[in-house]
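Visitor: I have a few minutes before my next spin. Could you walk me through this one?

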Amino acid sequence: MAATEKEIVDGLAEIVNEIAGIPVEDVQLDKSFTDDLDVDSLSMVEVVVAAEERFDVKIPDDDVKNLKTVGDATKYILEHQG
Amino acid sequence: MSKIKPSQGAPYARIMGVGGYRPTRVVPNEVILETIDSSDEWIRSRSGIQTRHWASDEETVAAMSIEASGKAIADAGITPEQIGAVIVSTVSHFKQTPAIATEIADRLGTGKPAAFDISAGCAGFGYGLTLAKGLVVEGSAEYVLVIGVERLSDLTDLHDRATAFLFGDGAGAVIVGPSKEPKIGPTVWGSEGDKSDTIKQTESWEAYRNGAPDKFPAITQEGQAVFRWAVFEMAKVAQQALDAAGITADDLDVFIPHQANERIIDSMVKTLKLPEHVMVARDVRTTGNTSAASIPLAMERLLATGEAKSGDTALVIGFGAGLVYAATVVTLP
C-alpha cells in the first residue's frame with residue numbers, strides 16, 4: 001500500500017536520524033538536506049538508497065540532485081512509489 | 001589428429017609475498033588548498049584523506065614498481081630468476097608501447113618471463129591476481145609477479161575541487177606461486193561498460209594532441225553515482241565473493257577494499273554488516289587513492305604494522321573506471 005505524505009516524512013526523518021544523527025523532529029518539509037540538516041552529498045546518496053528500499057521507489061542519480069528539501073523528496077516519493 | 005600433451009600446473013595458488021613503495025614526498029591537504037577553494041576539514045570529512053604521496057621525476061612507474069617488487073620477491077623467499085610472468089596494472093604509464101612490464105622484468109634481473117600490462121583501473125590488482133592464479137594453476141608460470149602502480153598525480157586536475165585531493169602515487173606488488181591448499185578463492189569480477197562515463201579521462205590523447213582542449217587530460221568522476229555504485233553494488237559483489245569462497249563475514253579477519261575514499265569504506269562496512277573483529281584497511285587516510293596500487297599497498301601496511309598477520313583470511317575488492325570490479329578471498333602471506 002502506498003505511503004501517505006506523513007508516513008514518508010516520518011520515514012525520511014528516521015532515515016536522516018540514522019545516517020546523519022539529526023533529531024527526527026528537525027526533519028520538516030521545508031528543511032534543506034544540505035543547508036539545514038547537515039546531510040552532505042555522500043550522505044544524501046545513503047538517504048536516497050534507504051528511502052528507495054523503504055518506499056519501493058527508484059530514484060536515479062540524475063534526479064537526486066533535484067531533491068533539495070525534505071518536501072522535494074517527499075513529493076518525488078509520493079509520485080513514484082510502487 | 002595429433003594428441004596434445006596437457007599443461008601441468010600446481011593444484012592451487014597463493015600469495016607468497018607482498019611489497020610496497022610510496023614516493024618520498026608526503027603532500028598534506030594544505031598543499032592541495034593552494035589550488036582549490038576548500039578546507040582541510042571538508043577534505044577529511046568527504047574522503048578521510050589527510051596526506052598522499054606524490055612522485056618525483058625520478059620516481060617513475062618503473063622505478064616505483066622495481067622497489068615494490070624487490071620487497072615482494074624477498075618477502076616470498078624466491079629469486080627473480082624464478083619468476084615466470086610479470087603482470088603490471090596501471091593507467092598512468094604514458095608510453096603506449098612497449099609494455100612497461102618488460103622493462104621492469106629486465107631491471108629486476110628476471111630471466112625471460114612473459115611480461116605484459118593490463119588496464120583495469122582500480123580493479124587492476126584483482127584482475128592481475130586472477131590472471132596470476134590462472135597461470136600458476138594452469139602451469140604457464142610457477143611464480144608470477146603482479147604489480148599495481150600509478151602516478152595519478154600526473155592525471156589530476158589540481159583546480160578541480162571535487163578530485164584534486166583524492167589521488168596519490170605508489171606501487172604495490174605480490175608474488176603468486178604454487179600451493180597445496182586453496183589460498184586464493186574464486187574471483188567475482190565483471191564490467192559495466194554502460195557506466196563508462198562515470199569515471200573517466202576528461203579528453204582522449206588524440207583530442208589533446210589535436211589541440212582541444214588546451215588543458216592536460218585528467219581523471220574526472222561523478223561523485224554521487226560512483227559512491228552509490230561503489231557502496232551498494234560492490235557490497236553485493238563482496239558478499240558473492242564470500243559465498244564463492246564458502247565462508248561468511250564472521251570467518252573474515254581482514255577487509256581490504258580499494259582505497260578510494262574512507263566514506264565509501266565506512267559505508268561498505270556498514271552495508272556488509274562486517275563484525276567488529278574484522279580489521280578494515282584505511283590506508284587511504286595517508287596514501288590517498290592510488291588506483292591499482294591501493295590494495296597491495298594497504299595489504300603491505302597492515303602486515304608491516306601487525307594489524308594483520310600472515311595466514312589471516314582477507315576479502316579484497318577493487319572497483320573503478322570501466323566500470324570494472326573484482327573481489328576475492330585470499331590468505332595473507
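Guide: Let's fix one term before we start: buried means under 20% relative accessible area, exposed means over 50%, and partly exposed is in between. Keep in mind that this is a predicted model.

Visitor: Is Lys270(B) buried, exposed or partly exposed?
Guide: Partly exposed lies between the 20% and 50% cut-offs. Lys270(B) has a relative accessible area of 46%, so it is partly exposed.

Visitor: Which residue does Lys270(B) meet in a salt bridge?
Guide: Look across to the other chain here. Lys270(B) lies in helix α8 (residues 262-272) of chain B and its partner in helix α2 of chain A, so the pair joins two chains. The N to O distance is 3.8 Å, and a salt bridge needs the nitrogen within 4 Å of the oxygen. The partner is Glu46(A).

Visitor: And is Glu46(A) buried or exposed?
Guide: The cut-off for buried is under 20%. Glu46(A) comes in at 10% relative accessibility, so it counts as buried.

Visitor: How much area do chain A and chain B bury between them?
Guide: Start with the contacts: 14 residues of chain A touch eleven residues of chain B. Of the area buried, 52% is on carbon and sulfur atoms. The total is about 1200 Å².

Visitor: Which residues in chain A lose the most area to chain B?
Guide: Three residues together make up 46% of what the chain A side buries. One of them is Glu46(A), and the other two are Leu42(A) and Asp61(A).

Visitor: How many salt bridges are there between chain A and chain B?
Guide: You've already met Lys270(B) with Glu46(A). Another is the pair of Asp61(A) and Arg228(B), at 3.2 Å, N to O. The count between the two chains is five.

Visitor: Which element gives the largest share of the side of chain A that touches chain B?
Guide: Across this interface there are seven residue pairs in polar contact. On the chain A side, the elements giving two or more residues are α2 (41-55) and α3 (61-64). The largest share, nine residues, comes from α2(A).

Visitor: Within chain B, how far apart in sequence are Arg22(B) and Asp283(B)?
Guide: Their closest N and O atoms are 2.9 Å apart, in a salt bridge. Yet Arg22(B) is in the loop between β1 (12-21) and β2 (25-28), while Asp283(B) is in the loop between β12 (279-280) and α9 (284-287). That puts the two 261 residues apart.

Visitor: What separates Lys236(B) and Glu233(B) along their helix?
Guide: These two also form a salt bridge, with closest N and O atoms 3.1 Å apart. Both sit in helix α7 of chain B, three residues apart, so the separation is about one helical turn.

Visitor: Which strand holds the aromatic partner of Trp229(B)?
Guide: Trp229(B) pairs with Phe319(B), 6.4 Å centre to centre. At 75° between the planes, the pair is edge-to-face. Both residues are buried. Trp229(B) is in helix α7 (residues 223-245), and Phe319(B), 90 residues apart from it, is in strand β13 (residues 313-320).

Visitor: Last one: which ring does the charged end of Arg161(B) sit over?
Guide: A charge has to be within 6 Å of the ring centre to count. The end of Arg161(B) is 5.0 Å from the centre, and the ring belongs to Trp42(B).

Conventions
Residues numbered from 1 in each chain as written. Chains lettered and ligands numbered in written order. Predicted model: local features only at pLDDT ≥ 70, side-chain atom pairs only at ≥ 80, totals over all residues. Heavy atoms only, no water. Phe/Tyr/Trp six-rings, centres within 6.5 Å; stacked < 30°, edge-to-face > 60°. Helix = DSSP H or I, 4+ residues; strand = E, 2+ residues; numbered from the N terminus. Buried < 20%, exposed > 50% of the residue type's maximum accessible area, 1.4 Å probe, protein only. Lys NZ or Arg CZ within 6 Å of the ring centre and 35° of its normal. Contact = heavy atoms within 4.5 Å. Buried area = accessible area lost by both parts, 1.4 Å probe. Salt bridge = Lys/Arg side-chain N within 4 Å of Asp/Glu carboxyl O. Polar contact = N/O pair within 3.5 Å; in protein donor to acceptor, adjacent residues only side chain to side chain.
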